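Open the structure in your viewer and follow along. Each stop says what to select and what is there.

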Amino acid sequence: MAEVLTAPLKTSTGRTIRREEMVLNMGPQHPSTHGVLRLELVVDGEIVVDVIPHIGYLHRCFEKHCEAMTNYQQVIPYCDRMDYVAAIHMEWSYVLAVEKLLGIQVPERVEYIRVIFAELQRIASHLIAAGTYGLDIGAFTPFLYMFRERERILDLFEMTCGARLLYNYFWIGGLSHDLPPGFIDKAKAFCSYFRPKIKEYNDLLSYNEIFVKRTANVGVLPGDVAIAYGATGPMLRGSGVNWDLRRDDPYSVYNKFQWEVAVGKGEVGTVGDCWDRYMVRIREMEQSITIIEQALAGMPEGDVASAIPKRIRPNPGDVYVRTEAARGEIGFYVVSDGSATPYRIKARSPSFVNLSALPEICRGAMIADVVAIAGSTDIVLGEVDR
Amino acid sequence: MTSQQICEKIRERFGPAIREAKTEGVPNPFVSVAPENLRDISLFLRDEADLACDSLMCLSGVDSGKGMLGAVYHIASTAHRHTVTLKVQVPAEKAEIPSVADIWPAANWHEREAYDLIGITFTGHPDLRRILLPDDWPGHPLRKDFKVPEFYHGMKVPY
Amino acid sequence: MEELLRRIVDNNLIVWFVMALLPLVWIVPYALVAVYLERKVSAHMQDRLGPMRTGGWHGWAQTIADILKLIQKEDIVPAAADRKLHLLAPFVVFIGSYAAFAAIPFSSAFVGSTVSIGLFYVISVSSIVVVGLLMAGWSSNNKWSLFGAMRSAAQIVSYEIPTALALLAVVMIAGTLNLQTINEQQAGWFWHWYMFRKFPFVFVAFIIYFVASLAETNRTPFDIPEAESELVAGYHTEYSGMKFALFFLAEYANMFAVSAIAATLFLGGWNSPFGDVLAGPVWGLFWFLSKGMFFVVIQMWLRWTLPRLRVDQLMYVSWKVLTPWAFACIVAIGAWMMF
Amino acid sequence: MKEYFGNIFRSVWTVLIGMKVTASHLFTPAVTIQYPDVRLKLPERARNRLYVNMDDCIGCFQCDMACPVDCISIETVKSLPTDDLGTTSTGQKKKLWVTKFDIDIAKCCYCGLCVYPCPTECIKMTDVYEFSEYDRKNLIYNYATLTPAEVADVKAKAAEMEKEAAAKKAAAAAAAAQAKAAAPAPPAAPKDQPPASPPAQPHP
C-alpha cells in the first residue's frame with residue numbers, strides 16, 4: 001500500500017488516478033468490445049471518469065503487406081479482411097481508387113451489380129451491427145433473428161462469387177463473375193421477404209421500453225462534434241447530420257436511384273444518442289432494399305469483364321477515393337510510382353476514426369453505458385487495426 | 001468550389017508558402033505547402049466561410065523516398081461538399097510537422113498512426129504515443145528503409 | 001408425511017434427514033430439466049433447435065452430460081483469490097436457496113417444516129444468498145466479480161422490500177404466516193385463490209411480487225449482476241467446474257423457490273383449480289409443481305425476450321415503481337378489510 | 001406524473017409485444033439444420049479447397065505469382081527433347097517436369113486469384129470444405145506426381161543437358177566473339193520457358 005501512496009498510479013495517458021477511482025481494463029478479451037479492443041476505464045464506482053482506448057491487437061500490417069504485393073490485384077483479398085463483415089465495401093473503395101488511377105470506366109452492368117452487392121452487404125453488416133447491439137444491451141433473441149436474414153444474403157453472395165464472407169468479387173475494371181442464372185429472382189424474393197422483418201425487429205427490440213431506456217439520451221454525440229472528429233456513416237447521420245457519400249459525393253450509379261438518407265431525429269431522446277445511431281441502421285436497411293429493387297429492375301446487359309485491364313501499371317501519381325461503407329467513409333489513398341506494385345496504400349477506415357470519438361462521449365456515463373456506446377459506434381476491429 | 005478556386009484562394013493568402021500545386025491533369029488535385037505554414041493554412045481552410053473545411057477525412061504519412069517523408073491531408077467541407085488535399089514534405093532526419101489535432105480532433109489518431117508507422121513527429125500533439133504497434137517496437141515499419149527485426153521479445157518475427 | 005415416516009422408522013434423526021432430503025430429490029432433477037427446458041425454449045424462440053444429439057431424442061441427456069463434464073473439470077482457483085471464501089461462497093449461495101424449501105408446502109401431506117412463521121422464514125433465509133454472492137465476488141479478487149457482487153447485493157437488498165410488501169398483502173388477508181394454512185385457505189375453485197380476491201389489489205401485488213422476484217433471482221431483465229456483456233460473468237467469473245455448477249444450481253433452485261412462493265400465496269399452492277376434482281395429496285404435488293414450473297417457464301420466456309436494465313434504472317424500478325405501488329396495495333387492502 | 005405513468009404503461013405494453021413476437025416463433029420451424037447429418041447444397045461457384053489436376057499442369061508458375069499469400073510453391077525441371085511428357089487436355093504439349101507442386105492450404109485465403117490465370121484450367125477450387133487435420137504439416141498438399149527417385153533422375157538429366165547446352169553455347173559464343181573481345185557466355189535460357197518464380201517477397 002505504501003508505494004501506492006507515495007507514487008500515485010497513472011493511466012497510460014499520464015492522468016493521475018485519485019484515491020476513489022479504479023482502473024478497469026475492459027478488453028482485449030471482453031464479451032462486448034466487439035473483438036480485441038481494450039478500453040482502459042477510469043471508474044468511480046459505476047461512473048466512468050475517463051476512457052482510453054487501446055487498439056492494435058489485431059494489427060495485421062495491411063499497409064505494409066500492400067507494398068510487398070507483386071501486383072495491384074493481390075491487394076483485394078487483403079482489403080476484404082479489413083472490415084470482414086462488410087468486405088465488399090472495402091473492395092469497392094480500393095478498386096475505385098485504382099480504377100481512378102488507371103482512368104478506367106467500367107461498364108454500366110458492372111456498376112449495377114456493384115451497387116446491388118454493396119447494398120446487400122450493407123444490410124448484412126447492419127444486421128450484425130443491430131444484432132450485436134441487442135446482445136450488448138442484453139437481448140439475445142433479435143441477434144439470432146438478424147443472423148437468420150443475414151444467412152440469406154450470404155447465400156446470394158455465395159452463389160455469385162463462391163465465398164460467403166471474404167469475396168474478392170470486385171476486380172479492378174470489373175467483376176470476377178457475372179450474375180449466376182436465377183440470381184435476380186432470388187434477390188427479388190429476398191427483398192420481399194426482408195421488408196416485413198424490419199417490423200419484427202422494431203417490435204422486439206427497437207421500441208422495447210427497456211432498450212429505449214438503455215439507449216436514449218445515452219452517449220449523445222452532437223453533430224458538430226461528430227464532424228470535427230471525422231465521424232462518418234451511421235454515427236454521423238445518427239447525430240442529425242444529413243450526409244451520405246452515396247448522395248453527396250456520388251460514385252458509381254447511385255445518382256440514378258431514388259432513396260432517402262436516414263438521419264437521426266431524436267425520436268425518443270436527444271439527437272445523436274445511441275438509439276438514433278441504432279435506428280439509422282435499421283432505416284438504412286429499408287433504404288438499401290429500395291435501392292436494390294431499383295437496381296434489379298434496371299439491370300442492363302453487358303460483359304462484366306470487358307474493362308478488366310491485362311496489366312495494371314498506373315502512371316505515377318496518387319489518388320484518394322472515398323465511398324460510403326456500412327460503417328462510414330472508407331477512403332483509400334493509393335500512391336503509384338509507375339511500377340506494378342503499389343507504392344503506398346493508406347486505408348482511412350471508418351471505425352478507426354469513429355472510435356477516436358469514443359472517449360468524448362463516454363465520460364460521465366456508467367459502465368453499462370460504455371458497452372451501449374461502444375456497441376452503437378459499431379466498430380470492427382479488423383478495420384480499426386488493419 | 002473547384003479545387004482550382006480553392007488553390008487560388010490559398011495562393012492569394014499564403015503565396016510563398018505553396019511549394020507546388022497541381023489542380024489539373026491528375027486524378028487528385030493537391031496543394032503542397034511548407035510545414036511551417038501548415039497550421040495557418042489549416043485554420044484558414046477551416047474558418048474561412050466559403051471554404052469551411054470542417055472535416056479532416058484522412059491523414060496519410062508517406063515515405064516519399066530520397067530521404068523525404070510526407071504527410072497528406074485530405075480535407076473536406078460538409079457544407080460546400082468540396083475537398084482539398086494538402087501535402088507536406090519534411091526531411092526524414094528531422095521529420096517534424098506541426099500537429100493539427102486541435103484544429104480537427106480527427107487528426108489525433110491519424111497523427112498517432114503516422115507517427116507510429118512512418119515516424120513523423122507531430123509537434124504539439126496532445127498525446128503522441130504509438131497506436132497500432134507495441135510501445136517498444138523498433139523503428140517505423142512503413143519507411144522504405146525499415147528492416148524487419150529478427151526477434152521481438154524472443155519471438156521470431158518473419159515466419 | 002412426517003407421521004408416516006415416523007411410523008416406518010422409529011428414529012427422529014432418520015425422519016428429519018429424509019424430510020430434509022426430499023426437496024433435494026426434487027431440485028436436482030428439476031434443475032436438469034429446467035436447464036434443458038431453458039435451452040429448448042430459447043432455441044425454439046430463436047428459430048433454432050437447441051441440443052439435439054446427446055441421448056438421442058432431442059438431446060434429452062444434454063444436461064446430464066454437462067453435469068458429468070462439470071464434475072470432471074479441474075477446479076481452478078485464481079492465485080490471488082482468498083481461497084477459503086472462494087471455496088465457501090458457492091455453498092453459502094446454495095444453502096441460502098435450498099433452505100427456503102424447508103417451509104414451502106409441496107403438497108397437503110408434505111411440508112418440510114410447518115413453522116408458524118413460514119413465510120417470514122422463507123424471506124429471511126433466502127437473503128443468505130446475498131452473503132454468498134458478496135463472498136464470491138470479493139474473494140475472486142477480480143474487479144468484474146467485485147462489481148457483480150456489489151451490484152447483486154444492492155439489487156437483492158432493494159428488491160427484498162417490494163417482495164416482502166407484496167407478500168404482506170396476502171398475509172394481511174390470510175392473517176397468518178404459516179404457508180400451509182395459507183394454502184388451506186385457498187381451497188376450492190380457482191377463484192378462491194388469493195390472486196383473485198380483493199380484486200385488483202392482490203393481483204397488482206402479485207405482479208409486483210413476480211417482477212421483484214425476477215430481480216431476486218438475477219434473471220433478465222434484472223440480470224445485471226452477471227450481465228455477460230458488461231461484467232463478463234459477474235460474481236462467478238472466476239469459478240469453474242463443480243463450484244460453478246453450484247451457482248448454477250442455486251440460480252435454478254432460486255427460480256423455483258420464488259415461483260413456488262408465488263404459486264403458494266397467489267395461486268392456491270397445491271390446491272386443484274377445479275375444487276375437489278383432481279384433488280388429494282398426490283394431485284396436490286402435481287398442481288404445486290406445475291404451477292411452479294409455469295412461472296419458471298414465464299421467467300425463461302421473459303429472459304429470451306427482453307434486454308437488460310442499467311443499474312440505476314434497476315434501482316428506479318424498485319424504489320420508485322414497485323415499492324410505492326406495493327404500499328398502495330397494502331393500504332388499499334387494509335382499507336377494504338376495515339370497511 | 002404523466003411521464004411516470006407513461007413509462008410504466010409503455011414498459012408493460014412493449015414487454016407484452018416482445019413476448020408475443022418470441023412466442024410466435026416458438027412454434028415456427030427452425031431455420032438451422034443438423035449439420036453433419038443434413039448438409040446444404042453448395043452452389044456451383046463455391047470456393048473451398050484447392051485442387052490441382054497435375055495431368056494438365058504445365059508448370060507455368062502463373063498461379064504461384066498470382067497468390068497473394070505465397071501458399072503455392074512450384075519447382076520445375078526442363079525435360080529432354082526426347083522425353084514425352086504428354087499433352088494437357090487442351091492439347092498443349094508439356095515441356096517441364098513439375099518436380100514440386102505444394103499448396104500450403106493452411107495459408108490459403110481462398111481468394112481464387114490463382115484459378116483465373118491458369119492457362120490449362122488445372123488448378124481450381126472445389127466444394128470440399130471439411131479437411132481439418134491434427135497436424136499442421138498435413139495441410140501442405142503435395143500435388144507433384146513424380147517419385148523422389150524420378151525427381152532426382154530428371155534433375156540429373158536436366159543438369160546434364162544444361163551443361164551440354166552451356167558448353168555448346170560457350171563454344172558458339174567463343175567462336176562468335178573471337179573477333180571482338182572475349183565475353184562470358186550467358187547461361188542458356190530457352191525462350192519458351194517462362195520466368196522462374198519471383199523472389200519471395202519479404203513478408204513483415
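**Stop one: chains C and D**

Select chains C and D: 12 residues of chain C are in contact with 12 residues of chain D (contact means C-beta atoms, placed from the backbone, within 7 Å). On this face chain C has 7 nonpolar, 3 polar and 2 charged residues. Here Ala, Val, Leu, Ile, Met, Phe, Trp, Tyr, Cys and Pro count as nonpolar, Asp, Glu, Lys and Arg as charged, and the others, Gly among them, as polar.

This is a predicted model: local features need pLDDT of at least 70, side-chain atom pairs count only at pLDDT 80 or more, and totals for chains, interfaces and linings use all residues. Residues are numbered from 1 along each chain as its sequence is written, while chains are lettered from A and ligands numbered from 1 in the order in which they are written.

**Stop two: chains B and A**

Now select chain B with chain A. Here 27 residues of chain B are in contact with 33 residues of chain A. On the chain B side, β3 (55-65), β4 (68-76) and α3 (107-117) each supply at least two residues. Helices (H or I, at least four residues) and strands (E, at least two) are DSSP runs, numbered from the N terminus. The largest share, 6 residues, comes from β3(B). By class, this side of chain B has 17 nonpolar, 7 polar and 3 charged residues.

**Stop three: two helices of chain C**

Select residues 143-174 (α7) and 201-216 (α9) of chain C. Which residues of α7(C) meet α9(C)? Among them are Tyr159(C), Ala166(C) and Val170(C). By class, this contact has 14 nonpolar, 3 polar and 1 charged residues.

Key: Contact = placed C-beta atoms within 7 Å. Axes fitted to C-alpha atoms, helices over the stretch in contact; angles between N-to-C directions.
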